[in-house]
Amino acid sequence: MLKNARLKSFLFGNTLSNLAYFSGRWIFSYSLARNMSIGEFGLLAFILSLANILAAIISFGAQTFLIYKISRYELRKYYYLKRSVLLSFVIVIVLFGFILAGKYLIEFDFSSYYYALLLAVILSLSNTVYCFFRGVGLFANAAVGYSVFISLIGIFSFYLYLSNLPTNLENMFWWCITINLMLLMTALVQLFYYSKKDNDERTFPDRPKSLFRFFRDRIPYGLHELQSALYMNAIILVLGFIVTNDQLATYRALQLIFVPIGIVPIIMSQVLLKVLSERVAESQFV
(Lines give C-alpha, C1' and ligand atoms only; values in the text may rest on other atoms or scores of the structure.)
Protein backbone atom coordinates (compact mmCIF):
# COMPACT_ATOMS: atom_id res chain seq x y z
CA MET A 1 0.00 0.00 0.00
CA LEU A 2 2.82 2.37 0.93
CA LYS A 3 4.70 1.56 -2.28
CA ASN A 4 1.57 2.25 -4.35
CA ALA A 5 1.12 5.61 -2.66
CA ARG A 6 4.79 6.41 -3.27
CA LEU A 7 4.47 5.45 -6.92
CA LYS A 8 1.41 7.69 -7.29
CA SER A 9 3.27 10.62 -5.74
CA PHE A 10 6.20 10.05 -8.12
CA LEU A 11 3.86 9.86 -11.10
CA PHE A 12 1.94 12.97 -10.04
CA GLY A 13 5.10 15.01 -9.47
CA ASN A 14 6.71 13.86 -12.72
CA THR A 15 3.50 14.41 -14.68
CA LEU A 16 3.19 17.93 -13.31
CA SER A 17 6.84 18.81 -14.01
CA ASN A 18 6.85 17.44 -17.56
CA LEU A 19 3.48 18.98 -18.33
CA ALA A 20 4.71 22.38 -17.12
CA TYR A 21 8.00 22.08 -19.01
CA PHE A 22 6.63 20.94 -22.36
CA SER A 23 3.58 23.19 -22.15
CA GLY A 24 5.87 26.13 -21.41
CA ARG A 25 8.03 25.35 -24.43
CA TRP A 26 4.92 24.98 -26.59
CA ILE A 27 3.47 28.31 -25.42
CA PHE A 28 6.83 30.01 -26.02
CA SER A 29 7.08 28.62 -29.56
CA TYR A 30 3.46 29.54 -30.29
CA SER A 31 4.01 33.11 -29.06
CA LEU A 32 7.08 33.45 -31.25
CA ALA A 33 5.26 32.02 -34.28
CA ARG A 34 2.47 34.56 -33.83
CA ASN A 35 4.68 37.62 -33.33
CA MET A 36 7.94 37.12 -35.24
CA SER A 37 8.45 37.55 -38.95
CA ILE A 38 8.15 34.20 -40.71
CA GLY A 39 11.78 34.18 -41.88
CA GLU A 40 13.28 34.98 -38.48
CA PHE A 41 11.00 32.48 -36.76
CA GLY A 42 12.28 29.80 -39.14
CA LEU A 43 15.89 30.63 -38.29
CA LEU A 44 15.12 30.66 -34.56
CA ALA A 45 13.41 27.27 -34.89
CA PHE A 46 16.60 25.96 -36.48
CA ILE A 47 18.71 27.34 -33.59
CA LEU A 48 16.39 25.88 -30.94
CA SER A 49 16.38 22.45 -32.59
CA LEU A 50 20.16 22.52 -32.87
CA ALA A 51 20.36 23.53 -29.19
CA ASN A 52 18.19 20.56 -28.20
CA ILE A 53 20.50 18.15 -30.04
CA LEU A 54 23.63 19.78 -28.60
CA ALA A 55 22.07 19.62 -25.12
CA ALA A 56 21.61 15.86 -25.54
CA ILE A 57 25.27 15.55 -26.55
CA ILE A 58 26.45 17.72 -23.63
CA SER A 59 24.44 15.94 -20.94
CA PHE A 60 25.17 12.63 -22.74
CA GLY A 61 22.83 10.29 -20.98
CA ALA A 62 22.31 12.19 -17.72
CA GLN A 63 18.54 11.91 -17.97
CA THR A 64 18.50 8.11 -17.66
CA PHE A 65 21.94 7.53 -16.14
CA LEU A 66 21.43 9.68 -13.03
CA ILE A 67 17.94 8.39 -12.32
CA TYR A 68 19.07 4.78 -12.66
CA LYS A 69 22.39 5.02 -10.82
CA ILE A 70 21.26 7.25 -7.95
CA SER A 71 18.17 5.09 -7.41
CA ARG A 72 20.46 2.08 -6.95
CA TYR A 73 23.44 3.72 -5.23
CA GLU A 74 22.09 6.72 -3.37
CA LEU A 75 25.24 6.99 -1.22
CA ARG A 76 27.14 7.97 -4.35
CA LYS A 77 24.62 10.52 -5.62
CA TYR A 78 26.94 13.54 -5.30
CA TYR A 79 29.74 11.67 -7.01
CA TYR A 80 27.50 10.90 -10.01
CA LEU A 81 26.26 14.49 -10.11
CA LYS A 82 29.74 16.07 -9.97
CA ARG A 83 31.16 13.67 -12.54
CA SER A 84 28.20 14.33 -14.84
CA VAL A 85 28.72 18.09 -14.66
CA LEU A 86 32.47 17.69 -15.24
CA LEU A 87 31.86 15.46 -18.25
CA SER A 88 29.41 18.01 -19.65
CA PHE A 89 31.97 20.81 -19.45
CA VAL A 90 34.58 18.67 -21.19
CA ILE A 91 32.10 17.95 -24.00
CA VAL A 92 31.28 21.68 -24.26
CA ILE A 93 34.98 22.50 -24.72
CA VAL A 94 35.26 19.85 -27.46
CA LEU A 95 32.13 21.11 -29.23
CA PHE A 96 33.33 24.71 -29.03
CA GLY A 97 36.64 23.60 -30.52
CA PHE A 98 34.88 21.93 -33.45
CA ILE A 99 32.76 25.02 -34.13
CA LEU A 100 35.78 27.30 -33.87
CA ALA A 101 37.80 25.08 -36.20
CA GLY A 102 34.94 24.93 -38.68
CA LYS A 103 34.72 28.71 -38.72
CA TYR A 104 38.29 28.99 -40.01
CA LEU A 105 38.32 25.90 -42.24
CA ILE A 106 34.93 26.27 -43.93
CA GLU A 107 33.43 29.37 -45.49
CA PHE A 108 30.17 29.18 -43.57
CA ASP A 109 28.29 31.38 -41.10
CA PHE A 110 28.67 29.65 -37.73
CA SER A 111 27.02 32.39 -35.62
CA SER A 112 23.86 30.28 -35.17
CA TYR A 113 25.98 27.46 -33.75
CA TYR A 114 27.45 29.69 -31.04
CA TYR A 115 23.95 30.77 -30.01
CA ALA A 116 22.76 27.17 -30.00
CA LEU A 117 25.75 26.00 -27.95
CA LEU A 118 25.15 28.68 -25.30
CA LEU A 119 21.51 27.68 -24.94
CA ALA A 120 22.43 23.97 -24.97
CA VAL A 121 24.78 24.41 -21.98
CA ILE A 122 21.98 25.97 -19.92
CA LEU A 123 19.46 23.33 -20.99
CA SER A 124 21.78 20.42 -20.21
CA LEU A 125 22.77 21.72 -16.75
CA SER A 126 19.21 22.32 -15.61
CA ASN A 127 18.23 18.90 -16.97
CA THR A 128 21.11 17.27 -15.07
CA VAL A 129 20.11 18.85 -11.76
CA TYR A 130 16.48 17.83 -12.09
CA CYS A 131 17.44 14.29 -13.09
CA PHE A 132 19.47 14.20 -9.88
CA PHE A 133 16.32 15.11 -7.95
CA ARG A 134 14.33 12.44 -9.78
CA GLY A 135 16.99 9.91 -8.88
CA VAL A 136 16.60 10.62 -5.16
CA GLY A 137 12.81 10.53 -5.54
CA LEU A 138 12.18 14.28 -5.29
CA PHE A 139 9.95 14.59 -8.33
CA ALA A 140 8.18 17.47 -6.59
CA ASN A 141 11.34 19.59 -6.84
CA ALA A 142 11.26 19.30 -10.61
CA ALA A 143 7.57 20.19 -10.53
CA VAL A 144 8.34 23.38 -8.58
CA GLY A 145 11.17 24.36 -10.93
CA TYR A 146 9.18 23.80 -14.10
CA SER A 147 6.18 25.60 -12.59
CA VAL A 148 8.45 28.62 -12.24
CA PHE A 149 9.51 28.05 -15.85
CA ILE A 150 5.99 28.02 -17.28
CA SER A 151 5.04 31.01 -15.11
CA LEU A 152 7.91 33.03 -16.57
CA ILE A 153 6.88 32.05 -20.09
CA GLY A 154 3.28 33.00 -19.34
CA ILE A 155 4.41 36.43 -18.13
CA PHE A 156 6.64 36.84 -21.18
CA SER A 157 3.87 35.82 -23.62
CA PHE A 158 1.36 38.15 -21.95
CA TYR A 159 3.85 41.01 -22.01
CA LEU A 160 4.68 40.28 -25.65
CA TYR A 161 0.97 40.42 -26.50
CA LEU A 162 0.36 43.73 -24.71
CA SER A 163 3.55 45.65 -25.47
CA ASN A 164 5.51 46.74 -28.50
CA LEU A 165 8.46 44.57 -27.55
CA PRO A 166 10.81 44.15 -30.54
CA THR A 167 10.39 40.65 -31.94
CA ASN A 168 13.56 40.46 -33.98
CA LEU A 169 15.63 37.25 -33.89
CA GLU A 170 18.34 38.42 -31.52
CA ASN A 171 15.93 39.90 -28.98
CA MET A 172 13.72 36.82 -28.87
CA PHE A 173 16.72 34.53 -28.54
CA TRP A 174 18.02 36.44 -25.52
CA TRP A 175 14.59 36.25 -23.94
CA CYS A 176 14.80 32.48 -24.42
CA ILE A 177 18.24 32.46 -22.79
CA THR A 178 17.00 34.56 -19.87
CA ILE A 179 14.01 32.33 -19.12
CA ASN A 180 16.05 29.12 -19.28
CA LEU A 181 18.82 30.70 -17.21
CA MET A 182 16.28 31.54 -14.51
CA LEU A 183 15.15 27.90 -14.58
CA LEU A 184 18.78 26.84 -14.06
CA MET A 185 19.18 29.31 -11.17
CA THR A 186 16.02 27.90 -9.57
CA ALA A 187 17.43 24.37 -9.89
CA LEU A 188 20.76 25.39 -8.35
CA VAL A 189 19.04 27.11 -5.41
CA GLN A 190 16.98 23.96 -4.82
CA LEU A 191 20.13 21.83 -5.01
CA PHE A 192 21.92 24.12 -2.54
CA TYR A 193 19.14 23.85 0.04
CA TYR A 194 18.82 20.11 -0.50
CA SER A 195 22.54 19.54 0.09
CA LYS A 196 22.39 21.67 3.26
CA LYS A 197 19.49 19.67 4.67
CA ASP A 198 20.90 16.32 3.55
CA ASN A 199 22.49 14.57 6.52
CA ASP A 200 23.85 11.69 4.46
CA GLU A 201 27.42 12.78 3.75
CA ARG A 202 29.00 9.31 3.87
CA THR A 203 31.60 8.57 1.25
CA PHE A 204 31.09 5.85 -1.33
CA PRO A 205 33.00 2.62 -0.67
CA ASP A 206 34.89 2.23 -3.97
CA ARG A 207 37.42 4.52 -5.59
CA PRO A 208 36.11 6.98 -8.18
CA LYS A 209 36.58 6.03 -11.80
CA SER A 210 38.55 8.08 -14.27
CA LEU A 211 36.56 10.49 -16.39
CA PHE A 212 37.22 8.34 -19.48
CA ARG A 213 35.79 5.24 -17.78
CA PHE A 214 32.86 7.31 -16.56
CA PHE A 215 32.24 8.46 -20.15
CA ARG A 216 32.52 4.88 -21.39
CA ASP A 217 29.87 3.75 -18.90
CA ARG A 218 27.60 6.53 -20.14
CA ILE A 219 27.79 5.59 -23.82
CA PRO A 220 24.61 3.42 -23.94
CA TYR A 221 22.63 6.08 -22.04
CA GLY A 222 24.06 8.89 -24.14
CA LEU A 223 23.32 7.21 -27.46
CA HIS A 224 19.77 6.47 -26.34
CA GLU A 225 19.08 10.10 -25.42
CA LEU A 226 20.80 11.39 -28.55
CA GLN A 227 18.57 9.12 -30.61
CA SER A 228 15.51 10.63 -28.91
CA ALA A 229 16.78 14.19 -29.49
CA LEU A 230 17.46 13.45 -33.16
CA TYR A 231 14.02 11.91 -33.53
CA MET A 232 12.40 15.11 -32.26
CA ASN A 233 14.67 17.68 -33.93
CA ALA A 234 16.54 16.17 -36.87
CA ILE A 235 13.90 17.04 -39.46
CA ILE A 236 14.07 20.75 -38.70
CA LEU A 237 17.86 20.57 -38.58
CA VAL A 238 18.04 18.93 -42.02
CA LEU A 239 15.41 21.22 -43.51
CA GLY A 240 17.41 24.20 -42.27
CA PHE A 241 20.04 23.37 -44.89
CA ILE A 242 17.77 22.62 -47.84
CA VAL A 243 14.74 24.95 -47.59
CA THR A 244 14.23 28.66 -47.03
CA ASN A 245 13.63 30.12 -43.58
CA ASP A 246 10.02 30.86 -44.55
CA GLN A 247 9.38 27.23 -45.50
CA LEU A 248 11.08 26.03 -42.33
CA ALA A 249 8.89 28.35 -40.25
CA THR A 250 5.77 26.93 -41.92
CA TYR A 251 6.83 23.37 -41.10
CA ARG A 252 7.65 24.31 -37.49
CA ALA A 253 4.26 25.97 -37.08
CA LEU A 254 2.53 22.80 -38.31
CA GLN A 255 4.74 20.69 -36.04
CA LEU A 256 3.40 22.55 -33.00
CA ILE A 257 0.10 20.76 -33.57
CA PHE A 258 1.29 17.15 -33.16
CA VAL A 259 4.51 17.35 -31.06
CA PRO A 260 2.66 17.40 -27.66
CA ILE A 261 1.63 13.76 -28.25
CA GLY A 262 5.22 12.70 -27.52
CA ILE A 263 5.04 13.92 -23.92
CA VAL A 264 3.17 10.90 -22.52
CA PRO A 265 5.93 8.25 -22.97
CA ILE A 266 8.51 10.57 -21.37
CA ILE A 267 6.31 11.13 -18.32
CA MET A 268 5.85 7.41 -17.71
CA SER A 269 9.40 6.26 -18.48
CA GLN A 270 11.17 8.41 -15.88
CA VAL A 271 8.92 7.21 -13.04
CA LEU A 272 9.14 3.56 -14.08
CA LEU A 273 12.93 3.82 -14.38
CA LYS A 274 13.15 5.10 -10.81
CA VAL A 275 10.89 2.34 -9.45
CA LEU A 276 12.51 -0.48 -11.44
CA SER A 277 15.99 0.68 -10.43
CA GLU A 278 15.05 0.51 -6.75
CA ARG A 279 13.60 -2.99 -7.19
CA VAL A 280 16.74 -4.20 -8.91
CA ALA A 281 18.83 -2.80 -6.05
CA GLU A 282 16.56 -4.45 -3.46
CA SER A 283 16.67 -7.83 -5.22
CA GLN A 284 20.45 -7.94 -4.89
CA PHE A 285 20.15 -8.04 -1.12
CA VAL A 286 17.43 -10.67 -0.90
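What percentage of the 286 residues in the protein is buried? Buried residues make up 47% of them. The model on display is a predicted one, and the tour below proceeds by selection.

**Whole chain**

Begin with the entire protein in a cartoon representation. It contains 10 helices and 0 strands, so that reading along the sequence gives the pattern α-α-α-α-α-α-α-α-α-α. If contacts are restricted to pairs with a separation of 6 or more, 84% of them join residues 24 or more positions apart.

**Phe60 and helix H3**

Select Phe60, in the loop that runs between helix H2 (38-59) and H3. Its phi is near 40°, a positive value in a residue other than glycine. Most residues other than glycine have a negative phi. Phe60 has a relative accessibility of 9% and therefore counts as buried, the limit being under 20%.

Extend the selection to helix H3, residues 62-72. This helix is mostly covered, with 10 of its 11 residues buried. Among the buried residues are Ala62, Thr64, Phe65, Leu66, Ile67 and Tyr68, and also the charged-side-chain positions Lys69 and Arg72.

Now isolate Ile70, which is located in H3. Is Ile70 buried or exposed? Its relative accessibility is 0%, so Ile70 counts as buried. Display its surroundings: apart from neighbours within four places in sequence, Ile70 is in contact with Lys77, Tyr80, Phe132, Gly135 and Val136. A distance label between the C-alpha atoms of Ile70 and Gly137 should read 9.4 Å, although the two residues are 67 residues apart along the chain.

**Helices H4 and H5**

Next, select helix H4 (residues 77-105) together with helix H5 (residues 111-135). Their axes are 11 Å apart and the packing angle is about 170°. Because angles over 145 degrees fall in that class, H4 is roughly antiparallel to H5. Show side chains at the contact: H4 contributes Lys77, Tyr78, Leu81, Ser84, Val85, Phe89, Val92, Leu95, Phe96, Ile99, Leu100 and Lys103, while H5 contributes Tyr113, Tyr114, Leu117, Val121, Leu125, Thr128 and Phe132. Coloured by class, this contact of H4 with H5 comprises 15 nonpolar, 2 polar and 2 charged residues. Two of these residues have already appeared on the tour, since Lys77 and Phe132 are also in contact with Ile70.

**Helices H6 and H8: two spans**

Move to helix H6, residues 139-162. At 1.5 Å a residue, its 24 residues should span 34 Å; the end C-alpha atoms are 35 Å apart, which agrees. The buried residues of H6 include Phe139, Tyr146, Phe149, Leu152, Ile153, Phe156 and Leu160, along with Asn141, Gly145 and Ser157.

Helix H8, residues 211-242, should be selected next. A straight helix of 32 residues would span 46 Å at 1.5 Å a residue, but H8 spans only 39 Å between its end C-alpha atoms. Where is the kink in H8 centred? It is centred on Asn233, with an angle of about 55°. Asn233 is also buried, as are Phe214, Arg218, Tyr221, Gly222, Glu225, Ala229, Ile236, Leu237 and Leu239 of H8.

**Asn171 in helix H7**

Step back along the chain to Asn171, which is found in helix H7 (residues 169-197). With a relative accessible area of 21%, Asn171 is partly exposed, because buried requires a value under 20%. Leaving aside neighbours within four places in sequence, its contacts are Leu165 and Pro166.

**Leu256 in helix H9**

The last stop is Leu256, in helix H9 (residues 245-258). Its relative accessibility is 7%, so Leu256 counts as buried. Which residues is Leu256 in contact with, leaving aside its neighbours within four places in sequence? They are Trp26, Ser29 and Tyr30. Draw a distance between the C-alpha atoms of Leu256 and Tyr30: these residues are 226 residues apart along the chain, yet the atoms are separated by 7.5 Å.

Conventions:
Residues are numbered from 1 along each chain as its sequence is written. This is a predicted model: local features need pLDDT of at least 70, side-chain atom pairs count only at pLDDT 80 or more; totals for chains, interfaces and linings use all residues. Side-chain values use heavy atoms; hydrogens and water are left out. Helices (H or I, at least four residues) and strands (E, at least two) are DSSP runs, numbered from the N terminus. The expected span of a helix is 1.5 Å times one less than its number of residues. Buried means under 20% relative accessible area, exposed over 50%, partly exposed in between (1.4 Å probe, protein chains only). The bend at a residue is the angle between axes fitted to the seven residues ending there and the seven starting there. Axes are lines fitted to C-alpha atoms, for helices over the stretch in contact, and angles run from 0 to 180 degrees between N-to-C directions. Angles under 35 degrees count as roughly parallel, over 145 as roughly antiparallel, 65 to 115 as roughly perpendicular and the rest as oblique. Contact means heavy atoms within 4.5 Å.
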